[in-house]
Amino acid sequence: MAFEGDYLGFFRESLEKLREEGNYRVFANLERRSDSFPHAKRHTENGEEDVLVWCSNDYLGIGQDSRVREAMIETIKAQGAGAGGTRNISGTNRLHGELERQLASLHGKEAALLFTSGYVANLTALSTLASRLPGCIVYSDSENHNSMIEGIRQGRSDKRVFRHNDPAHLDELMAADDPSRPKIVAFESVYSMDGDISPISEILDVAEKYNAISFLDEVHAVGMYGEHGAGVAERDGVMDRVDILQGTLGKAFGVIGGYIAAKAELIDFVRSFGNPFIFTTALPPAIAAGALKAIEILRDAKDIRAKHQERAATVKARLRQAGIPILPSVTHIVPVLIGDAEKCKKASDMLLNDFNIYVQPINYPTVAKGTERLRVTPTPHHDDDAVDRLINALDKVWTALDLPRTSSAQAAAE
Ligand SMILES: *Cc1c(COP(=O)(O)O)cnc(C)c1O
């Protein structure tokens, strides 16, 4: 878009173009309520409505857990609202140190480093390593999250993109490069739009073969997979082979913040050279207290994890019975395929306005055109009634919008 001396005109035109493409984002006006997860309040022109939320990333509802809330309230009473500055200026709060020790222990690593979000963790770790390791090459899965892409971009090193979940392609790319150059292989365990899982062990085989640092984003797995909720690498017994494990405190751990866990020298390196870590205010101590409590609860929460998987399996089975197409997810994420941007938005609006069910539409550029979807995330708190409500509503929406159904034969084969 050309700039013709008019700033506001430029902004308006750009937004208009976004609207025309159907990609303009409108946020639902919702308010979470203690003790009623997964229900929330919706504010409309006509007042308040109760909505059933089916797309929360508070995957286990731990952000509403009374013990987590209590830990945070007590910490605010004892220590006040904010951290008071960067860790450089205000010193490291005892709770930040304790949380880093717990995160390191959870992942079986020597050390961990906290960031203000998972996004900042990815951005900082990757940009710092890629820019400071002389001649570094970063190998990045084609489906990696924007926070990793931005980190790699800001690192300004050479970059190679390998085909999604394809260790053979990674090997091919790595074999073509100078063996003496430092290398980083960056990928995720659970990919949150399709709900697929990467072949971690095979990718690590390749990374090790070429003496690369492995960087694994477990944002959509921590709290939910593995014996202690340390993620898919724990579940698969390969956690000790991953050089850098990255996670968030904002999804299954219910609060906000991000981290990396790794060998002590690497953590100290990112702590010492990573500007988006150094020059920003530390997380409020109450956040650290809430995260500590959530991690403590989820370390031994095999029952919650089992229930989570059962709920996801139940929703998938019910959708198949109803002939509603879903992508072949192997995780707790249930991607309901619509395949059309406008209908996707319409389906989401109908669910909200006619059925008081909230599932946000996922359109391009988050997913490829033609694969627009509703991303449903069942939690252990969605009971059978909630599932019935969702399936009935989707069934009606499917009919109203004349969306294609899978044949029952096809559904049975899946
Ligand atoms: C959400 C997300 C992040 C960022 O985590 P936040 O804590 O929300 O900033 C990083 N990686 C992936 C794959 C994500 O989905």
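Mentor: Start with one term. A helix here is a DSSP run of at least four residues, labelled H or I and numbered from the N terminus. Keep in mind that this is a predicted model.

Trainee: Which helix gives the most to the shell around the ligand?

Mentor: Helix H5, residues 118–132. It supplies three residues of the shell.

Trainee: Which residues come nearest to the ligand?

Mentor: There are 13 residues around the ligand. Gly118, Asp217, His220, Thr248 and Lys251 come nearest.

Trainee: How many of the shell residues are nonpolar, polar and charged?

Mentor: Two are nonpolar, eight are polar and three are charged.

Trainee: Which polar side-chain atoms should I look at beside the ligand?

Mentor: Take His220 and Thr248. His220 has a polar side-chain atom 2.4 Å from a ligand oxygen. For Thr248, a polar side-chain atom is 2.6 Å from an oxygen of the ligand. The backbone also takes part in this list: a polar backbone atom of Tyr119 is 2.8 Å from a ligand oxygen. As for cover, the ligand has 370 Å² of accessible area on its own, and the protein covers 84% of that.

Trainee: Now strands. How do they pair in a sheet?

Mentor: Strands of a sheet pair through backbone hydrogen bonds, and the sense is either parallel or antiparallel. Now take strand E12, residues 258–262. With strand E4 (residues 111–115), E12 pairs in the antiparallel sense over five bridges. Phe115 stands opposite Gly258 of E12. E12 also pairs with strand E11 (residues 244–248), again antiparallel, over four bridges. There, Gln246 faces Ile260 of E12.

Trainee: Is strand E12 largely enclosed or open?

Mentor: Look at accessibility. A residue is buried when its relative accessible area is under 20%. Five of the five residues of E12 are buried, so the strand is largely enclosed by the rest of the structure. Then check which way the residues point. Gly258, Ile260 and Ala262 point one way. Tyr259 and Ala261 point the other way. All of them are buried.

Trainee: Which strands form the open sheet, and in what order?

Mentor: Four strands, in the order E1-E2-E3-E14, with mixed pairing. E1 (30–32) and E14 (357–358) are the edges. Each has a single partner strand, so one side of each has no neighbour in the sheet. Zoom in on E1. It runs antiparallel to strand E2 (residues 39–44), and three bridges join the two. Leu30 is opposite Arg42 in E2.

Trainee: How many salt bridges does a search of the whole structure find?

Mentor: 27. Read each one in two steps. First, take the N to O distance. Then ask where the partners sit. Try Asp171 and Lys209: their side chains meet in a salt bridge at 2.8 Å, N to O. This pair links distant parts of the chain. Asp171 is in helix H7 (residues 167–175) and Lys209 is in helix H8 (residues 200–209), 38 residues apart. Lys209 is exposed, at 55% relative accessible area.

Trainee: Where do Glu74 and Lys77 lie?

Mentor: Both lie in helix H2, residues 66–79. They are three residues apart, about one turn of the helix. Their side chains form a salt bridge at 3.9 Å, N to O. The cut-off is 4 Å, so check that number yourself. Glu74 is partly exposed at 41% relative accessible area, while Lys77 counts as exposed at 64%.

Trainee: Which residue forms a salt bridge with Asp395?

Mentor: Arg405, with the closest N and O atoms 2.6 Å apart. Asp395 is in helix H15 (residues 384–400), and Arg405 is in the loop between H15 and helix H16 (408–413). The partners are ten residues apart. Both are partly exposed: Asp395 at 30% relative accessibility, Arg405 at 35%.

Trainee: Which residues are linked in a network of salt bridges?

Mentor: Asp205, Glu208 and Arg241.

Trainee: Back to helix H2. Is Ile76 buried, exposed or partly exposed?

Mentor: Partly exposed, with a relative accessible area of 44%. Ile76 lies in H2. One distance to try in your viewer: the C-alpha atoms of Ile76 and Ala104 are separated by 25 Å, and the two residues are 28 apart along the chain.

How values were computed
Residues numbered from 1 in each chain as written. Predicted model: local features only at pLDDT ≥ 70, side-chain atom pairs only at ≥ 80, totals over all residues. Heavy atoms only, no water. Buried < 20%, exposed > 50% of the residue type's maximum accessible area, 1.4 Å probe, protein only. Pairing = 2+ DSSP bridges. Near = heavy atom within 4 Å. Polar contact = N/O pair within 3.5 Å; in protein donor to acceptor, adjacent residues only side chain to side chain. Areas by Shrake-Rupley, 256 points an atom, 1.4 Å probe, with all protein chains shown as cover. Nonpolar A, V, L, I, M, F, W, Y, C, P; charged D, E, K, R; others polar.
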